[in-house]
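User: I'd like to learn how to read the contact between two domains of one chain. Could you walk me through an example?

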Amino acid sequence: MSTESPAPAANGVEPLVAVRNLVKRFPITRGILFQRQIGAVHAVEDLSLSIAPGETLGLVGESGCGKSTTARLMARLLEPTSGSIHFEGEDITHLAGRAMQHVRRRVQIVFQDPYASLNPRQSVGQIIGAPLRIHHVEGDRRKRVQELMEQTGLNPEHYNRYPHEFSGGQRQRIGIARALALNPSLIVCDEPVSALDVSIQAQIVSLLTDLQREHSLTYLFISHDLGVVRHVSDRVAVMYLGRLVELTDRDTLYENPRHPYTAALISAVPHGTGSSGRRRIVLQGDVPSPANPPAGCPFHPRCPKARIISGDPAVVPERCATEVPQAAEITPGHQVACWYPLEPGDDLIAAAEAMAPETVEQAEEAATA
Amino acid sequence: MGRYIIRRLLWTVLVVVLVTLLTFVIFFVMPKGDPALRFAGKSPTPELIQEVKESLGLDKSVPEQYGLFLERLVTGDEYGWPGLGKSFQTKQAVKPELVQRAQVTITLIIGGALLWLAIGIPVGVISALRRGSALDRISMGTALFFVSAPVFWLGLLSLYVFWKKLGWLPGTGYVSFGSDPGAWFSHMILPWMVLALLFAAIYARVVRGNMIDVMTEDYIRTARAKGLSERRIVLKHELRTGITPVITLLAIDLGVLVGGTIVTETVFNLQGLGNWLLVAAQNNDLPVTLAVTVLVAIAVSLFSLIADILYAILDPRVRYQ
Amino acid sequence: MSDVLLEVRDLRVHFPTADGVVKAVDGVSFTVERGHTLGVVGESGSGKSITFLTVMGLINRKSAIVSGEVLFEGRNLLEATNDELRHIRGDRIGMIFQDPMTSMHPMYRVGDQIAEAILAHRSVSKGDARARAVEALRLVGIPAPEQRARQYPHEFSGGMRQRAMIAMALVLDPDLLIADEPTTALDVTVQAQILEVIDELKQRLNIGVALISHSLATVADVSQDVMVMYAGRPIEQGTRDQVFTAPLHPYALGLLSSVPRVDRRVERLVPIEGSPPSLIHVPSGCAFHPRCPYRFAPCDTERPDLRDRGGGHADACHLSVDQKAANRRERLDMQEPVA
C-alpha cells in the first residue's frame with residue numbers, strides 16, 4: 001500500500017483503479033543535425049479519475065482528446081510523464097519486472113481493429129491460449145481455451161481455425177476471449193465496436209455486458225460513439241484536448257450536461273428518431289492540435305457559453321482565455337471543469353450561430369498561434 | 001524547404017566523413033600485419049616499404065594517420081585535388097587515371113540510365129494500364145528474362161551477333177567523344193544496351209507495381225469523379241505518384257554503379273573504374289582500391305542527397321517532416 | 001411539385017469471379033428529386049456504394065455485367081459512352097467520398113485540384129478557374145479561402161478537407177450530389193458541421209442529394225426519403241418518417257432496435273443474429289431469412305418482392321402488415337426507457 005491514498009470512487013468504496021494528476025506528454029523534436037525537444041504533444045493533462053470494482057466507466061471524446069492514451073496509461077502500456085496510477089490499492093505507476101507481470105494478468109485490453117490485432121499465422125486456439133502460455137498457467141490449456149470460446153459465443157470446434165476464416169464480429173469475440181483468459185479484473189475496451197458493421201455492434205456490446213455480469217468485470221470503455229457509451233456505462237467521463245471536462249453518472253451526463261462541450265457533443269450526434277425540427281449545436285472550427293493547446297480553458301476558442309457570458313460573439317471572458325479550469329464537483333458525484341457551467345435557459349444554439357465565420361477564423365488562429 | 005536542404009546537406013557531409021573514417025579503418029587498422037607491406041603491393045622491397053611508410057605517415061599514431069588521410073583528401077596532395085596518393089606498383093599518381101576512367105564509367109552509366117528509364121518507365125506504365133493483357137504478360141516475361149540473364153552472357157552474345165556476325169558495330173574499347181563522336185557512340189551503344197536491359201527490366205517491374213497501387217488510390221477515383229479525361233488521369237495524377245519513388249531507386253543504383261560496372265566494362269574492354277578496381281584488386285594495389293572505394297561512397301551520398309531534394313520538390317508532404 | 005433528377009430502374013451489377021458471380025447490386029429502383037435528400041442505409045456489402053458508383057460510371061465496365069436503367073435528365077447513363085459520362089461526372093453530378101484524408105491528390109494544391117475540375121468542363125482561363133475555386137471554398141465555409149487554396153491537402157484538417165471535397169463537387173453547379181459516407185471518418189462535432197453544410201447547400205443551390213451511410217441516425221437527421229439495402233437489394237423504401245417511426249421490414253426494425261441511442265437509455269439491446277451474407281452465395285428466398293427472428297414457411301424459398309404497403313412506403317417481406325405492426329410494438333416497447 002502506498003502512503004498516498006488513492007482518490008475515492010464515486011460511491012465511496014475503494015476504487016479498483018485510480019489515476020491522479022496523470023500527465024502524458026510526447027516530445028516533439030527538431031534539429032538540423034541533432035534533435036532537440038522543441039515542444040510536446042499534450043496527450044493527457046492533469047487527469048484524475050477512478051473506477052469502482054464492477055463498474056463501467058465510459059470515456060468519450062473526439063480525436064486528439066487523449067482517450068486512447070489514457071487507456072494505454074491505465075493498462076501501463078505507456079509510462080506516465082507524471083502523476084500516479086493505483087490498481088487494486090497498489091501504486092503501479094513505475095512498477096516493473098515480476099511485480100508488473102502480476103498486474104498485467106489483472107488488466108487486459110480489447111482493441112478496436114479485430115483484423116489487425118490478431119496474428120494471421122496463429123490458430124484461434126493459439127491466440128486465445130497465448131496469455132496462458134506466457135504467464136505459465138498450469139492445467140489443461142485446450143480445455144480452458146474452449147471454455148473461453150464457448151463463453152464468448154464462438155464454436156469450440158473451431159479451435160484450429162485461423163483468423164481469416166472468421167467474420168469481423170467473430171474476430172472481435174476472439175479478442176475478447178483472449179482478454180478473458182487470465183481472469184482479469186479490469187478490461188480496457190478501446191473502441192471495441194467501432195470497426196464493426198452496425199448489426200454486429202449490438203452483438204458485441206451485449207456480449208461485453210453479459211460477461212461483465214458473469215465475471216464481475218470492471219470496464220474502462222472508450223468510444224467516440226456516444227450512443228454505445230450511454231448504453232454500457234455507469235458513469236461517463238468526457239475528455240477534450242487531454243483534459244477531463246465532465247464526469248458524472250450516465251443519465252445526468254446525457255440529460256443534464258453542465259459543460260458546454262458535453263452539451264455540444266451530445267447535441268451533435270444524430271438521434272436517428274427521424275424527428276424533424278430538432279436543432280443541434282454546431283460547434284465552429286476544428287479541435288485544436290494537442291501539440292499546441294490554447295491557453296486557459298482548452299475549449300474557449302469554440303465555446304458558445306463563453307460568448308453568452310461576454311455577450312459578444314467575438315469575445316470570451318478573460319478568465320476562460322487565461323486560466324485553466326480544474327475539474328470540480330458542482331453537485332455530489334458530478335465533476336465539471338468550467339468557469340461558467342451551463343445553467344437552465346442557456347441558448348447554446350443561438351450562441352453557436354452567432355459565432356460568425358470571422359470569429360471562427362479568430363478562434364482557429366487563437367488555437368494554432 | 002531551405003531548412004530541409006541545409007539539414008540534408010549537413011547530414012551528407014557528416015556521412016561522407018564517417019565513410020572515409022570507416023574506409024580508413026578497414027584499409028589501415030583492421031587487417032593484421034604491417035599496412036606498409038600491404039600498400040606496397042605484390043613485390044615489396046625494403047626501400048619501397050620505407051617509402052610507403054613515409055608517404056602514408058605510418059610511423060605516426062593511428063589518429064594522426066587518419067588526419068593525414070583526410071587532410072590530403074580534402075586539401076589535395078602533390079598530385080592535385082583530391083589527394084589520393086599514388087600507386088606504389090605502377091608509380092603512377094592515382095588521381096589523373098581516376099579522372100580519365102571516371103569519364104568512361106560515367107559515360108557508361110549515364111547513357112545506360114537514360115536508356116533504361118526511357119524503356120523501363122513506359123513499359124511499366126503500359127503494363128500497369130493493360131494489366132493482365134497479352135502485352136503485359138509479354139513485357140513482364142521479357143523483364144523476368146533480362147533480370148535473370150547474366151550480364152557477361154548478354155554482353156558476349158550481343159558482341160557475337162552485332163560485331164562478329166552482322167558486323168554492324170566496330171567492336172570493343174572506348175573512343176572519347178572529343179576525338180570522334182560517331183565512333184564514341186558506336187562503341188558505347190552495346191554497353192549501354194546491355195547495362196540498360198537489366199535495369200530497364202527492374203524499373204519496369206517497380207513502376208508497374210507502383211502504378212497498380214496508385215490506380216486504386218481514393219484520389220484517382222476522385223479525379224475520375226471530377227470528369228477528367230483518362231489521359232489526364234494517367235499523365236497528371238497517376239504518373240506523379242507512381243514514378244516519384246523511382247528517383248530514390250535511381251539515386252542508389254547510379255551511386256553503386258560508379259564502381260560496380262565491373263562485368264560490363266570487362267566484357268566491352270572499357271577502361272573504366274570497375275575494370276580498374278578489378279585489376280587493382282588482382283594486383284593488391286591498395287591505393288587504387290582505396291581511392292575507388294572512397295569515390296563510390298561519396299557518389300552514393302551525393303546521389304541520395306540529390307534524390308532527397310528532388311523528392312521534396314515533387315512531394316510537398318516530405319518538406320514538413 | 002415533384003422534379004425527378006435521377007431515376008434508377010431495376011439496376012443490377014454482377015461481377016463474375018473465379019468463385020462465382022458476385023451479385024453486388026441485384027434489382028434496385030429509386031428516384032432522387034430536386035431539393036430532396038435520399039438517404040441510403042446499409043451495412044458493408046449491401047451494395048449501396050456500388051449502386052452509386054455505377055450511376056457515376058465509376059465501376060469497371062469490363063469486369064461487371066450491368067443491366068437496368070439509370071435515367072438522369074432523361075438519358076440512360078448505362079447506354080452513354082465513356083466520353084459522355086465523363087462530361088456528366090463532375091459537371092452535372094458531383095460526388096464526395098468517405099475518407100477526405102485520401103480522397104485528394106497529396107501532391108497538388110487544393111485550389112488547383114478544384115480548378116482542374118472547372119477546366120475539365122469549361123473553357124475558361126486558369127486564372128478564372130482559380131478564382132472560382134476560391135469562391136467555392138468560401139461557399140463551403142472555409143476561412144481565408146485565398147490562402148487555403150494555395151495549401152496542400154495535408155495542411156487541412158479532416159473536416160476542412162471534406163469541405164474542400166464538397167467545394168470541388170459543387171463548383172460547377174451540378175444538379176445532383178452523391179455523398180458516399182461523407183461523415184464516417186470524421187469526429188462527431190465535425191460530422192454535424194459537414195451534414196449542415198450539405199443540407200444548407202442543397203437548399204441554397206436547389207440540388208438533389210443522395211446520402212449513403214451505414215448509420216441510420218445520420219440518414220434520419222437529414223434525409224426526406226430513405227432506402228434500406230440488404231445483400232444488394234432494397235428491402236424498405238419510404239419517407240423518413242415512414243421508415244423511422246413505422247419500420248416494416250424485420251431487418252430495418254432490427255437495425256433500429258439494435259443501435260444504442262444517445263437520447264434515451266434502453267435496458268437491453270436486441271442484436272440481429274449472425275453476419276451479413278456472402279454476395280456469391282446469397283441465401284435462397286429472402287436473403288435476410290437466416291437472421292430473421294420472424295421467418296416462416298415461404299421465407300427460405302420465395303424471394304419477396306418490394307411492395308407498396310400504402311403511401312409509398314414499400315418493403316420486401318412475406319409477413320403481413322398486421323404482423324409487422326405487432327412485431328414493432330413488441331420490439332419498440334422493449335425500447336422504452338426503464339424508470
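Analyst: Happy to; we will go from the domain bounds to the residues at the interface. Keep in mind that this is a predicted model.

User: Where do the domains of chain B lie in the sequence?

Analyst: Start with the assigned bounds. In chain B, domain 1 covers 2-75 and domain 2 covers 97-314. Their centres, taken over C-alpha atoms, are 32 Å apart. Each side then brings residues to the contact: 17 from domain 1 of chain B and 17 from domain 2 of chain B.

User: What is the area buried between domain 1 of chain B and domain 2 of chain B?

Analyst: Look at the amount and at the atoms behind it. About 1500 Å² is buried between these two domains of chain B, and carbon and sulfur atoms give 78% of that area.

User: Which side chains meet in a salt bridge?

Analyst: Here one looks for a Lys or Arg nitrogen within 4 Å of an Asp or Glu carboxyl oxygen. The interface of domain 1 and domain 2 of chain B has one salt bridge. B:Arg8 and B:Asp308 meet in a salt bridge, with 2.6 Å from N to O. One residue pair across the interface is in polar contact, both at pLDDT 80 or more.

User: Which elements give two or more residues to the domain 1 side?

Analyst: Go through the secondary structure. In chain B, they are helix 1 (2-29), helix 2 (35-40) and helix 4 (62-75). Helix 1 of chain B supplies the largest share, eleven residues. By class, the domain 1 side that touches domain 2 of chain B has eleven nonpolar, three polar and three charged residues.

Terms used. Residues numbered from 1 in each chain as written. Chains lettered and ligands numbered in written order. Predicted model: local features only at pLDDT ≥ 70, side-chain atom pairs only at ≥ 80, totals over all residues. Heavy atoms only, no water. Domains from an automatic or database assignment. Contact = heavy atoms within 4.5 Å. Buried area = accessible area lost by both parts, 1.4 Å probe. Polar contact = N/O pair within 3.5 Å; in protein donor to acceptor, adjacent residues only side chain to side chain. Helix = DSSP H or I, 4+ residues; strand = E, 2+ residues; numbered from the N terminus. Nonpolar A, V, L, I, M, F, W, Y, C, P; charged D, E, K, R; others polar.
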